[in-house]
Amino acid sequence: MTTTAIDEVNTRTDPINRLRSTMCATRISFEWFGTRKSLTRDQKTQAAESFGAEGTFLSAGKKLLDTGHPRFRAVNAVRQRVRSYWTSISLPFPEPGIRLLRQDTLTTFQEQMHQFTVELNEAVSNLDEQYLSLKSAAQERLGSLYNDDDYPVSMIGLFEVSWDFPSVEPPDYLRQLNPELYEQECQRVKSRFEEAVRLAEDAFLGELSQLVSHLTDRLSGQADGRPKVFRDSAIGNLHEFFERFRSLNVRSNEQLDTLVAQCQGIVQGIQPQELRKRGELRQQVASELSGVQAALDGLLIDRPRRQIIRTPK
């Protein structure tokens, strides 16, 4: 077998190599106007006097703008949507601020991030239309703590989302400059991806366990002698999980794969309204999900003792 063929086999069978060969590192950054500011030393001293305390032992700040205003909430909502989107299409990586994205989804990711940028700019523009009114309200609420120097001329340009694709692989130039250091970097990166596989498993296990536990409780439990109410999202969230698992799973844990497939089979084709109307079906689904939950609990308990088994080369 040729070296290339061996590498292809290892990539197909080894989750660590599969992760390295099919994923790329992504990083998202936010620049956000800070709406809180610490009090000056004199202001702290003045505030401390009312409590009979020393100003140096007091930590205090002021809120510059009402972040509960609908225009401000709309700006912050864009940031939350960016984070939710990024998390939903990527896997965790053991370096702060970095997640792994499938290489074949890069174009879609770029397009969506550009769309978020458009939405953010529009939301900030709408916020800026109310900026003078927000400043006026802050001046009235802050009283003598108000300082016009704390406020920029405009909100435009003070909120930004950016993204890049940092390299997490050993720099190739080290191979020639310092082979020993290059080998150390290779081992470090390998351990990082080993941890990434574990983090992915933990994330999937934790999420599935939470979803199954919630639905099982809703289906089997009672409140005031009547079946508990459950929302359509209890089923819908599971189907969203199945799709995300199918897209991002690196096939590193056969037990987890089996449990996901089993859970998917249990709820396949079942509509929420059927579970509300048919008590027998409700009990059957609850019973079958309880079995999945028990197996998930066992996996979660065993996680600290599990290790990644690497395919011999």
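Contact here means heavy atoms within 4.5 Å. Helices (H or I, at least four residues) and strands (E, at least two) are DSSP runs, numbered from the N terminus. This is a predicted model, where local features need pLDDT of at least 70, side-chain atom pairs count only at pLDDT 80 or more, and totals for chains, interfaces and linings use all residues. Residues are numbered from 1 along each chain as its sequence is written, and side-chain values use heavy atoms, with hydrogens and water left out.

**Exercise 1.** Work out how H2 and H8 cross, and which residues meet.

Step 1: Take the axes, lines fitted to C-alpha atoms over the stretch in contact, with angles from 0 to 180 degrees between N-to-C directions. Those of H2 (residues 15-22) and H8 (residues 179-220) come within 9 Å and cross at roughly 100 degrees.

Step 2: Angles of 65 to 115 degrees count as roughly perpendicular, so that's what H2 and H8 are to each other.

Step 3: Now list the contact: from H2, Pro 15, Ile 16, Leu 19 and Arg 20; from H8, Val 189, Lys 190, Phe 193, Glu 194, Ala 196 and Val 197.

**Exercise 2.** Find the strand order of the open sheet, then see what stands opposite Trp 163.

Step 1: Strands pair if DSSP finds at least two bridges between them. The order of the 4 strands is E4-E5-E1-E6, paired antiparallel.

Step 2: E4 (90-92) and E6 (160-164) sit at the edges, each pairing on one side only.

Step 3: E1 and E6 share 5 bridges, and Ile 28 is the residue opposite Trp 163.

Notes: Angles under 35 degrees count as roughly parallel, over 145 as roughly antiparallel, 65 to 115 as roughly perpendicular and the rest as oblique.
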